[in-house]
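Trainee: I should like to understand how the empty spaces in a protein model are named and described. May we examine one together?

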Amino acid sequence: MMKFLLMNMMLVFLISNWGVVELALFLMCFLVFLSLGHDFYVFNLGLQLGTDYLSMILVMLSVWIIMLVIYSSQMVNKTNKFSCLFLFLNLILLFALVMTFCSMDYLMFYLSFESSLIPTLILILGWGYQPERTQAGIYMLFYTLFASLPLLVSLISLYMVGGSLTMGLVKVGESELSMVSVLWYFFTMLAFVVKLPMYLFHLWLPKAHVEAPVAGSMILAGVLLKLGGYGLIRVLSMFTEENKMFSWVWVGISILGGVFVSILCLRQVDMKSLIAYSSVAHMSLVLGGLVVFSWWGMNGAVIIMVGHGLCSSGLFCLSNIIYERLGSRSLLINKGLLNLMPSLGLWWFLLSISNMAAPPTLNLLGEINLIISMVSWSKVSMISLIGLSFFSAAYTLYLYSISQHGAFFSSLYACCSGKLNEYYVLSLHWIPLNLMILKSSVVLPMI
């Protein structure tokens, strides 16, 4: 694993040349992809680092998304608005993400998990669009830090009880439920459900997305939300009895919250806000599948995490392309874009149907797995799942139809329908999202 971390550190010395960094990240993606199909459960061990299938999949997603972020942020390079610092922050963020996914020690995992917040905050404050970005950054910072302090207390207590923080060797000592073990369980879960985010803890996400630059939005949707799901997979195995007792709490709040947020999406007039709320709806299904802790639920959650990372990142990239041309993200102004930018209309269609889990996307495969796991856990959950599936399709159709059809509300008669590098970035979102289903073992080898 050290070879990827060292390669990432070497790129810091090349930040004055964007082209070299882009090519090096593409090469790094290829090397991570070659490392995937290993037979052992945990490999690349050394220096408290190690990887399994899940880690490698999410490392590959992180490198891929960071590469696409740099490709899609050419405006920063052209305007020369601290472009070297921008590249430096993205590489530091990639380093923190790779460390998080490869840590074999819970304390190192916690430190890397929290350190990814700092470059993201600087990206929002430094390259955000509006003065409200300060408030959005503070929301994100305090939501995350407030929830992560109980996790630190929990990990210290775990070390005092078990004498180790190595993943796979730690289990909560008490065999029967007690008030202490229940509080311990909720303290540990809180940091990850805020990061995911679960309904009721999601207010920081739309604010951060709306105020963030395209790089911040793509990284937030593509990788940072997946830290919550990854953390849940790593810690739930320590609290098997508590999770069995209280899984109904998380499933109930997440699935019903997903329905409420999906209805809320139909009232949004800001493109980025709508896509951000749709991320909350998707992640609510992931949380439900994870806490049920079945084979189908775990598979579906990982597949949805990868599929959503590619799809929502592509949608944020598209909304930024529109914003750069028209100067607005409002759906009240951006109507009839199919007449103005017909070539981009195809990408809007392809990524919109991917967002509503149409075949042959990874999202479809993941949602089938998650729905099977939830219904097998409780048949009552079918009612909320029906609403969640219906409204997911409804708000995606609302986004596409409002933005692409109707009379164009502007004095602009013509503009660039899309550049080659923009089509390149969008295709690198869409192609893996749809072709990986042909060999789904790349996403999760248990299938």
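Mentor: We shall discuss a pocket and the cavities of this predicted model.

Trainee: What makes the second largest pocket nonpolar or polar in its lining?

Mentor: The classes of its residues decide this. The lining has 16 nonpolar residues, with no polar and no charged ones. Phe33, Met60, Trp64, Pro432 and Met436 are the closest to the pocket's centre. Phe, Met, Trp and Pro all count as nonpolar, so these five belong to that class.

Trainee: Which elements each supply at least two residues of that lining?

Mentor: They are α2 (18–34), α3 (53–72), α14 (295–326) and α19 (420–435). The volume of this pocket is about 400 Å³.

Trainee: Why is the space of about 170 Å³ called a cavity?

Mentor: A cavity is a set of points where a 1.4 Å probe fits but cannot get out, so the name states that this space is closed to such a probe. The structure holds two cavities of 30 Å³ or more, and about 170 Å³ lies in the largest. Among its 13 lining residues, Ser72, Gln74, Glu324, Asn421 and Glu422 are the closest to the centre.

Trainee: How do you know that the lining of the largest cavity is mixed in class?

Mentor: The lining has five nonpolar, four polar and four charged residues. Glu counts as charged, so Glu324 and Glu422 belong to that class. The largest share of the lining, four residues, comes from α14.

Trainee: What makes one residue of the second largest cavity's lining charged?

Mentor: That cavity is lined by Ala281, His282, Leu285, Glu367, Leu388, Ser389 and Ser392. Glu counts as charged, therefore Glu367 is the charged residue.

Technical notes
Residues are numbered from 1 along each chain as its sequence is written. This is a predicted model: local features need pLDDT of at least 70, side-chain atom pairs count only at pLDDT 80 or more; totals for chains, interfaces and linings use all residues. Side-chain values use heavy atoms; hydrogens and water are left out. On a 1 Å grid over the protein atoms alone, a cavity is a set of points where a 1.4 Å probe fits but cannot get out, and a pocket is an open set with protein on both sides within 12 Å along at least five of seven lines; lining residues have an atom within 4 Å of a point. Grid points are joined across faces, edges and corners, and a volume is the space filled by probe spheres set on the points.
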